[in-house]
Amino acid sequence: MTAYAWFLRHSVRVFDHLDFRVSDVKRAKPFYDAMLRLFGMRGKVQEDGSVVYLRIKGGRIEEAFALLEDREHRPNGTRVAFAAGTQVEVDAIAARLRAAGAERCEGPELCPEIGPDYYAFFFEDSEGNKFEVVSRPAR
């Protein structure tokens with residue numbers, strides 16, 4: 001049985017959580033609070049100063065995003081893309097992210113070079129970590 005077949009058979013998420021580094025959690029937290037709240041996540045500061053954001057549905061953790069401090073962290077080319085259901089949702093989320101302090105924003109716009117009906121908003125946090133909100137309706 002392939003890994004893919006096992007995941008389908010057992011209805012297991014592919015990703016359990018993301019551990020995400022920033023150089024200063026206290027400085028980054030207000031932006032991440034605002035951003036992740038848009039996707040139904042709520043954060044809780046841990047004893048070590050990190051913040052764990054959870055989206056809980058039916059009493060179960062659906063997604064988790066941990067914000068961890070690494071004073072030596074430097075952003076790279078990795079981009080985390082969040083899904084939105086429609087172009088209207090991408091537009092609304094983009095407006096709220098801009099208001100929350102998103103930087104180096106591009107779009108929202110159609111990106112035919114990526115795929116048909118691929119509509120996205122690209123942005124970075126204050127440290128240069130890259131993100132995207134995308135809608136690509138099923139055909």
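**A walk through the strands**

Okay, let's start in the middle: strand β5, residues 79–83, runs parallel to β8, and five bridges join the two. When I say strand, I mean a DSSP run of E of at least two residues, while a helix is a run of H or I of at least four residues, and both are numbered from the N terminus. Two strands count as paired if DSSP finds at least two bridges between them. Within this β5–β8 pair, Phe82 stands opposite Val133.

Before I go on, a word on what you're looking at. This is a predicted model, where local features need pLDDT of at least 70 and side-chain atom pairs count only at pLDDT 80 or more, though totals for chains, interfaces and linings use all residues. Residues are numbered from 1 along each chain as its sequence is written, and side-chain values use heavy atoms, with hydrogens and water left out.

Now the overview. The chain has three helices and eight strands, and going along the sequence you meet them as α-β-α-β-β-β-β-α-β-β-β. There are 139 residues, and 34% of them are buried. Buried here means under 20% relative accessible area, exposed means over 50%, and partly exposed is in between, with a 1.4 Å probe and protein chains only. The chain exposes about 8900 Å², with carbon and sulfur atoms supplying 52% of that; the areas come from the Shrake-Rupley method with a 1.4 Å probe, and for residues only the protein chains shown count as cover.

Back to β8. Is this strand enclosed or not enclosed by the rest of the structure? Five of its six residues, 130–135, are buried, so β8 is largely enclosed. Besides β5, β8 also pairs with β7, residues 119–124, this time antiparallel and over six bridges. Tyr119 in that pair sits opposite Ser135. β7 and β8 make a hairpin with five residues between the strands, and there Gly128 has a positive phi near 95°.

Ser135 comes up again from another direction. Val88, in helix α3 (residues 87–100), is 47 residues away from Ser135 in sequence, yet their C-alpha atoms are 9.1 Å apart. Val88 itself has 62% relative accessibility, so it counts as exposed.

Let's move to the other strands. β1, residues 18–22, runs parallel to β4 with five bridges, and Arg21 faces Leu68 across that pair. β4 also pairs with β3, residues 51–57, antiparallel over seven bridges, with Tyr53 and Phe65 as bridge partners. Only two residues separate β3 and β4 in their hairpin, and Gly58 in the turn has a positive phi of about 60°. On to β2, residues 42–45: it pairs antiparallel with β3 over four bridges, and Lys44 stands opposite Val52. Their hairpin has five residues between the strands, with Gly49 at a positive phi near 95°.

One residue to click on in β3 is Leu54. At 25% relative accessible area, Leu54 is partly exposed. Leaving out residues up to four places away in sequence, Leu54 touches Gly40, Met41, Arg42, Ile61, Glu63 and Ala64, where contact means heavy atoms within 4.5 Å.

Next, the pocket. How big is the volume of the largest one? It's about 460 Å³. A pocket is an open set of points on a 1 Å grid over the protein atoms alone, where a 1.4 Å probe fits, with protein on both sides within 12 Å along at least five of seven lines; lining residues have an atom within 4 Å of a point. Points are joined across faces, edges and corners, and the volume is the space filled by probe spheres set on them. Sixteen residues line this pocket, and the closest to its centre are Phe15, Leu18, Glu63, Ala81 and Phe82. β4 (60–69) and β5 are the elements giving two or more residues to the lining. By type, the lining has 10 nonpolar residues, one polar and five charged; nonpolar covers Ala, Val, Leu, Ile, Met, Phe, Trp, Tyr, Cys and Pro, charged covers Asp, Glu, Lys and Arg, and polar the others, Gly among them.

Last, some backbone details. The peptide bond from Gly107 to Pro108 is cis, with omega near 5°, and Pro108 lies in strand β6, residues 103–110. Arg104, also found in β6, has a positive phi of about 45° although it isn't a glycine. Then there's Asp117, in the loop between β6 and β7, whose phi is near 65°, again positive without being a glycine.
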